[in-house]
Amino acid sequence: MDLLDDVSPGNSPPEEISLIIEGQRNTKNRYHITHKSMRVKKILPEDLKYPKDIGKIPKTYSEDTEMLDGFVITTDPLAIGSIVDVRPVAMARISMDGIT
């Protein structure tokens with residue numbers, strides 16, 4: 001299975017969407033998943049950690065051609081590369097200038 005080609009944005013977007021997990025909560029590393037590999041994309045500074053699991057919504061693209069991101073609220077961390085179906089509860093538009 002090719003995560004980027006074979007996974008849909010969800011069963012019934014925008015009510016239910018799929019995320020490919022790239023980073024786990026309470027960790028500093030985020031991974032970039034491509035068609036052929038998974039490599040470290042970002043390591044947060046010493047005093048920062050991801051507050052929740054973070055992932056990409058497949059086949060969705062922002063103005064900078066990156067897939068849209070989403071945080072997942074769970075009781076336990078999800079495995080990197082896992083696919084999870086979620087219901088969005090909020091949206092934030094984030095740019096280099098801040099949150100709008």
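**Entry 1: backbone at N26, K59 and P14**

I began with N26, which counts as exposed because its relative accessibility is 52%, and exposed here requires a value over 50%. I note at the outset that I am working from a predicted model. N26 sits in the loop between β1 and β2, the latter strand covering 29-33. I looked up N26 for its backbone, since its phi is near 60°, a positive value in a residue other than glycine.

K59 has a positive phi too, again near 60° and again in a residue that is not glycine. I found K59 in the loop between β4 and β5, and I wrote it down as partly exposed, because its relative accessibility comes to 42%.

I then turned to the peptide bonds and noted that the one from P13 to P14 is cis, with omega near 5°. P14 belongs to the loop between α1, which spans 3-6, and β1.

**Entry 2: salt bridges**

Next I went through the charged side chains, keeping in mind that side chains of opposite charge can pair when their charged atoms come close. The count I have is 5 salt bridges, and I looked into several of the pairs.

I took R30 and E22 to start with, whose side chains meet in a salt bridge at 3.0 Å, N to O. R30 is buried, because its relative accessible area is 7%, and E22 is likewise buried, with a relative accessible area of 3%; the cut-off I applied to both is under 20%.

R30 also meets the side chain of D69 in a salt bridge, here at 2.6 Å, N to O. This pair links distant parts of the chain, with D69 in strand β5 and R30 in strand β2, 39 residues apart. I recorded D69 as partly exposed, because its relative accessibility is 42%.

I then followed E66 and K41, whose side chains form a salt bridge at 3.6 Å, N to O. E66 lies in the loop between β4 and β5 while K41 is in strand β3, so this salt bridge ties together parts of the chain that are 25 residues apart in sequence. E66 is partly exposed at a relative accessible area of 30%, and K41 is partly exposed as well, at 35%.

What do the shared partners add up to? I found that E22, R30, K41, K56, E66 and D69 are joined into one network by salt bridges that share partners.

**Entry 3: the largest pocket**

Last, I looked for empty space, which can be found by rolling a probe the size of a water molecule over the atoms. The largest pocket has a volume of about 1,500 Å³, and its lining is made up of 35 residues.

Which residues lie nearest the centre of the largest pocket? I noted L68, D69, G70, A92 and I94, and I recognised D69 from the salt bridge with R30.

I went on to ask which strands supply the lining, and found that β1 (17-23), β3 (38-43), β4 (53-56), β5 (69-72) and β7 (94-95) each give at least two residues to it. The largest share, 4 residues, comes from β5, which is also the strand that holds D69.

By class, I entered the lining of this pocket as 21 nonpolar, 3 polar and 11 charged residues.

Note on methods: Residues numbered from 1 in each chain as written. Predicted model: local features only at pLDDT ≥ 70, side-chain atom pairs only at ≥ 80, totals over all residues. Heavy atoms only, no water. 1 Å grid on protein atoms, 1.4 Å probe; cavity = no way out; pocket = protein on both sides within 12 Å on 5 of 7 lines; lining within 4 Å. Points joined across faces, edges and corners; volume = space filled by probe spheres on them. Nonpolar A, V, L, I, M, F, W, Y, C, P; charged D, E, K, R; others polar. Buried < 20%, exposed > 50% of the residue type's maximum accessible area, 1.4 Å probe, protein only. Salt bridge = Lys/Arg side-chain N within 4 Å of Asp/Glu carboxyl O.
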